[in-house]
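Thanks for coming. I will go through a few features one by one, and you can follow along on the screen.

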Amino acid sequence: MPTTTAPTSAPPIRGLHHFAWRCRDSEETRHFYEDLLGLPLAHVIKNDHVPSTGEYCPYVHIFFQMRDGAYIAFFDLGDDTAALPSPNTPSWVNHIALRVDSGDDLLAAKARLEAAGIEVLGVTDHHIIESIYFFDPNGIRVELTTPTVPQAEMDAHARHAHADLDAWTARKAALRAAAGGTSHV
């Protein structure tokens, strides 16, 4: 029987390998991520059983590689069904943000997407990054972003991140109390 002793330190997480979502159609998804966003299709896994559970569920698992070596991946379960959005979450909340090198790259991506008929929101200035937003064919919100401040400024933000979160936690409690405990903050 395995022991349940607490580890002495956190595991050395090196970066993102992949993040996976369900897609409605693997070819439609491939066209969007490879042909429009320039992420090459790098790997395809086809299986009839889920390796971790043994459950029967024919699928294809497709991986698109980013320049840093990480992947965005999708599961096509063969039923032409996309994942449903969360009913308790605004559509702008859940998203993936992908970094580009410059403002010029951001504008070029926006022009390319709009030329393909994709509705793009932005360029939005977030004071540390600039971003554009759009939805993929599966209803997943995608953000392309580029840093606009030097690393020293990001390091300064990191030094007070815990204090900022503590202030939000206190404000959230006050909002909840003012609303009689029913706040949806």
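**Cysteines, rings and a loop serine**

The structure holds zero disulfides. Before going further, note that this is a predicted model.

Let us take the cysteines. C23 takes part in no disulfide, and the nearest cysteine sulfur, in C57, is 12 Å away. Why does C57 form no bond with C23? The sulfur of C57 is 12 Å from the one in C23, its closest cysteine sulfur, and that is too far for a bond. For comparison, a disulfide needs the two sulfur atoms within 2.5 Å. Is C23 buried or exposed? C23 counts as buried, because its relative accessibility is 0%, and buried means under 20%.

Next, the aromatic rings. How many aromatic pairs does a search of the whole structure find? The search finds nine. One of them is F32 with F134: the ring centres are 6.1 Å apart and the planes are at 50 degrees, so this pair is tilted. The cut-offs behind that word are simple: under 30 degrees would be stacked, and over 60 would be edge-to-face.

Where do these two residues sit? F32 is in helix α1, residues 26-36, and F134 is in strand β7, residues 129-135. The pair therefore ties together parts that are 102 residues apart in sequence. Both ends can be checked for burial. F32 has 3% relative accessibility, so F32 counts as buried. F134 has 1%, so F134 counts as buried too.

F32 and F134 also belong to a cluster. Ring pairs link these two with F19, W21, Y33, F64 and F74.

Now to the surface. L165, W168 and L175 make a nonpolar surface patch of about 260 Å². Of these residues, L165 can be placed in helix α4, which covers residues 161-178.

Last, a serine in a loop. S86 lies between β4 (71-76) and β5 (95-99). S86 has a relative accessible area of 31%, so S86 is partly exposed; that class runs between the 20% and 50% limits. Which side chains does the side chain of S86 contact? One polar contact, of 2.6 Å, joins the side chain of S86 to that of N88. Another, of 3.2 Å, joins the side chain of S86 to that of T89. As for L16, S86 is 70 residues from L16 in sequence and 24 Å from L16 in space, C-alpha to C-alpha.

That is the end of my list.

Note on methods
Residues numbered from 1 in each chain as written. Predicted model: local features only at pLDDT ≥ 70, side-chain atom pairs only at ≥ 80, totals over all residues. Heavy atoms only, no water. Helix = DSSP H or I, 4+ residues; strand = E, 2+ residues; numbered from the N terminus. Buried < 20%, exposed > 50% of the residue type's maximum accessible area, 1.4 Å probe, protein only. Polar contact = N/O pair within 3.5 Å; in protein donor to acceptor, adjacent residues only side chain to side chain. Phe/Tyr/Trp six-rings, centres within 6.5 Å; stacked < 30°, edge-to-face > 60°. Patch = residues over 30% accessible without salt bridge, like charges linked within 9 Å, V, L, I, M, F, W, Y side chains within 5 Å. Areas by Shrake-Rupley, 256 points an atom, 1.4 Å probe, with all protein chains shown as cover. Salt bridge = Lys/Arg side-chain N within 4 Å of Asp/Glu carboxyl O.
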